[in-house]
Amino acid sequence: MKDVQMKFSVIIPTYQSKAFIEKAILSAQVKKSDKYNIEIIIVDDCSPDNTYECIKDLSLKYTNVKLFQQEQNGGPGLARNRGIEESSGDFLFFLDSDDTFDKNIFNIVYQKLSDKNIDIVFFDWKYDINSTASISGYEGRDDLTILQYKDKKNTLTEFLLNKIDCSVIYSAFKKEFLVKNKIFFREGIHEDVDFIFKCILYSTKVLTINKQLYLKNNREHSIINSFTQKHIEGYFGALYEIYHILESKNIFYEYEVAYKRGVINIVASRIIRIYNILNNNTSIEEMLNCLYDETVKLHNMTSINIDVYLESKNFKTKYEMVYEFFIELYRSESIDKEEKLKEFITSIKDKSWSCFDLHNSVFLAPDEIRTCCKRYFHNNEFKGDVVLFNKNKDPQYEFNYKYILNKKTTLFKEINRENAPECDGCPFLKFDNWGTPLENGIKYLSFEYHSVCNMKCTYCSDTYYGGKQASYDVEELVVNLKENNAIENVPYVVWGGGEPTIDKSFTKVLGLLDKSLETTKQRVITNAVKYVPELFNLLNTDKAYIVTSIDAGTEETFMDVRGISKIDQVMKNLQSYSSINPHNIIIKYLLLDNNSAFNEINSFVNLIKEYKLENCNFQISYDFKSEEILDDSLEKMCYLYCLLLDIGVEFIFLDDLVWQRLVNINSEKIDRIKDFLKQYSLSKYFATTDEYKNIIVWGTGAQAELIINKSYFFKYVDIDFFVDPRKEVIGNKFFDKDIKSPNILKDIDLPVFIGAVQSAPLIYRQYLDLRFSKDRIIKKLVL
């Protein structure tokens, strides 16, 4: 294409533009070049002032300006069509009369146009520093990767989902391509929406330039900053045109879901904009009625049925909630529709979908950073352990706070766009006032940065024993997090992954964190094969606690499950670790097919007695690869729990892997479990709804919610209120009950259930530190 001189045409529609048109013209002027030349096509759309005469004078000054005038006012689209017809360039640029180009735009585009088959060039933009209106929220485009056409169908789908900028001014188009495919602008406003869609649909090759080549002047009264019924009608005109194009090509069915979601997004975003921009009740009423009428008209003119689509969904975005409420309200005979809609929008304005881990947690893995460690099943697919970025898949990766925050923010946005398949079906997502990710710093920091282990457990994988070392400097990352004030108030630091104690950085980073974090208690998940004096010192000063899985009662089963024959060494090390502060030790038993026989459970309990570990905490878990706990396994789990209580164990809890996999806990199942335990004289350790009528629950987190929703016990026991020491939640409601300070417990003598899993032993210790009676804690098995 560069064998002959290239010609660029700049098309500028004008309407009352005399105050700024010369600046636009000047930005399109370049020094004479033997590589390309520029023509400027200005089409005046019947300006009522003397804009046309002003430009006519300017055309004498700038000889590459060609001026035309429409016979009647028809909007910017028709003026651009005239510009296309009158142009003679190879590539056409569209410039709004109050904006400007970067001085290097033509040179950069020319240098990049090495392929003669390019149909469209997409580039980035920024605001002009002289913008007269306040700039809101965003600048530039984030769709250039999508526009690289790695998958055309995906690009069109993303367009329909409103993820591609529809403005023609941030692109250049080959004229031959536009004419050949009869791509022109529709009359009205938002005419570039369907124009860009047609360009993407019909083009075969495009070029993206990640440079800000267009300068946008954000003017107070420009089209983009005004909002009228014509804007609503114009966008719906674009939606109908897109539908018609897809139907005429018999491919609408391929894009139907994306189209429906796009319509929902447009309707909901316009509702929110109406309330944000307009303050006149009459105007709001007229605009909302217009929006409803246009929505109904689109449904009648097309084959879409959004009602049925929304009824089939479990997860609904904020826009879908707004759309659904709006349509139901305006179909009804309700009065004060505008006020009711405003109240609803206000009630969800600051809410979004997220989870605790996305907003608060960072998990360090050997060559990636994860944002959670939760695991669950969705549509028979095992999901979880969501990765923020992986150095082998993300060429721009950086192991630092700024990049972690950027990736979390992106995932947060995509979840709320319903475009994060890695989080589909996650039971931990909640629609709530989350704020922005990490705005209060990291609340849960997990060190799983290597997979070197001296065991090879049957339920583990290469992720934990694959022999990988960290591909980044862990100490340097910790320092970076500290410098960004991200860990100064972190309440939870967890060591896991492979075996943390055998890594050369372990004691160094453990000590660094201990010095940096005055009140944080580090949690070390260790197999306890290796004894670490530095860890023992932290256990004794109450600055750490450990979690160790035993998962066996005999040497043979320990070898079978853990891949090493050192059960006695592990038990001796646990005995040493627990010699001063046993409450800082959690002993875990993960039930599997090969370790749940009665004799194995009995042998495990006997080991606990032999090594005098009854004052430690005990965690009962379940195989995370199983989707649910079968009845036989549930009975063995209950047997283990009650047998530990029978030997005087201080504190036991079922973890989240258990609660997630409990299904159909009904009265028949509860009766069977009680009868089963009765055979072994253990039924007295099973909590019944007959003995607990009113209780208090300590805990208001996701795990408390999980336990209450899953258990049979809480269907029939009345919760008086919840307690939580966190100041930010005291005074709020949880399950429609008050959340109060733990201090209230001294005035009310009711049983207390600890509604937590991993943090349950810490809460139990907090409770005891407040000098409340142990007898009030419900230690019996709750199902």
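Is Glu414 buried or exposed? At 13% relative accessibility, Glu414 counts as buried, because the cut-off for that label is under 20%. Keep in mind that this is a predicted model. The close-ups below start with Glu414 and its partner, then move on to other salt bridges and to one glutamine.

**View 1. Glu414 and Arg417 pair up in a salt bridge.** Look for the closest N and O atoms of these two residues, which sit 3.1 Å apart. Glu414 is the buried partner, with 13% relative accessibility. Arg417, on the other hand, comes out as partly exposed at 29%.

**View 2. Five residues are joined into one salt-bridge network.** Here the members are Arg80, Asp96, Asp99, Glu191 and Lys216. What links them is that their salt bridges share partners. If you go hunting for others, a search of the whole structure turns up 46 salt bridges.

**View 3. Arg82 and Glu86 meet within helix 3.** Their side chains form a salt bridge, with an N to O distance of 3.1 Å. Why are they about one helical turn apart? Helix 3 covers residues 76–86, and the two residues are four positions apart in it, so about one turn separates them. Arg82 has 22% relative accessibility and is therefore classed as partly exposed. Glu86 gets that label too, at 30%.

**View 4. Lys205 and Asp115 make a salt bridge between two loops.** The closest N and O atoms of this pair are 2.5 Å apart. Lys205 lies in the loop between helix 7 (191–202) and strand 8 (206–216). Asp115 belongs to the loop between helix 4 (105–112) and strand 6 (120–127). The pair therefore ties together parts that are 90 residues apart in sequence. As for Lys205 itself, 38% relative accessibility makes it partly exposed.

**View 5. Gln660 is a buried residue of helix 24.** That helix runs over residues 656–660, and Gln660 has a relative accessibility of 14%. Which residues does Gln660 touch, leaving aside those up to four places away in sequence? They are Arg375, Phe428, Leu706 and Lys710. The Gln660 side chain also makes a polar contact with the side chain of Arg661, at 3.2 Å.

**View 6. Gln660 and Lys443 are 23 Å apart, going by their C-alpha atoms.** Along the chain, 217 residues separate Gln660 from Lys443.

Notes
Residues numbered from 1 in each chain as written. Predicted model: local features only at pLDDT ≥ 70, side-chain atom pairs only at ≥ 80, totals over all residues. Heavy atoms only, no water. Salt bridge = Lys/Arg side-chain N within 4 Å of Asp/Glu carboxyl O. Buried < 20%, exposed > 50% of the residue type's maximum accessible area, 1.4 Å probe, protein only. Contact = heavy atoms within 4.5 Å. Polar contact = N/O pair within 3.5 Å; in protein donor to acceptor, adjacent residues only side chain to side chain.
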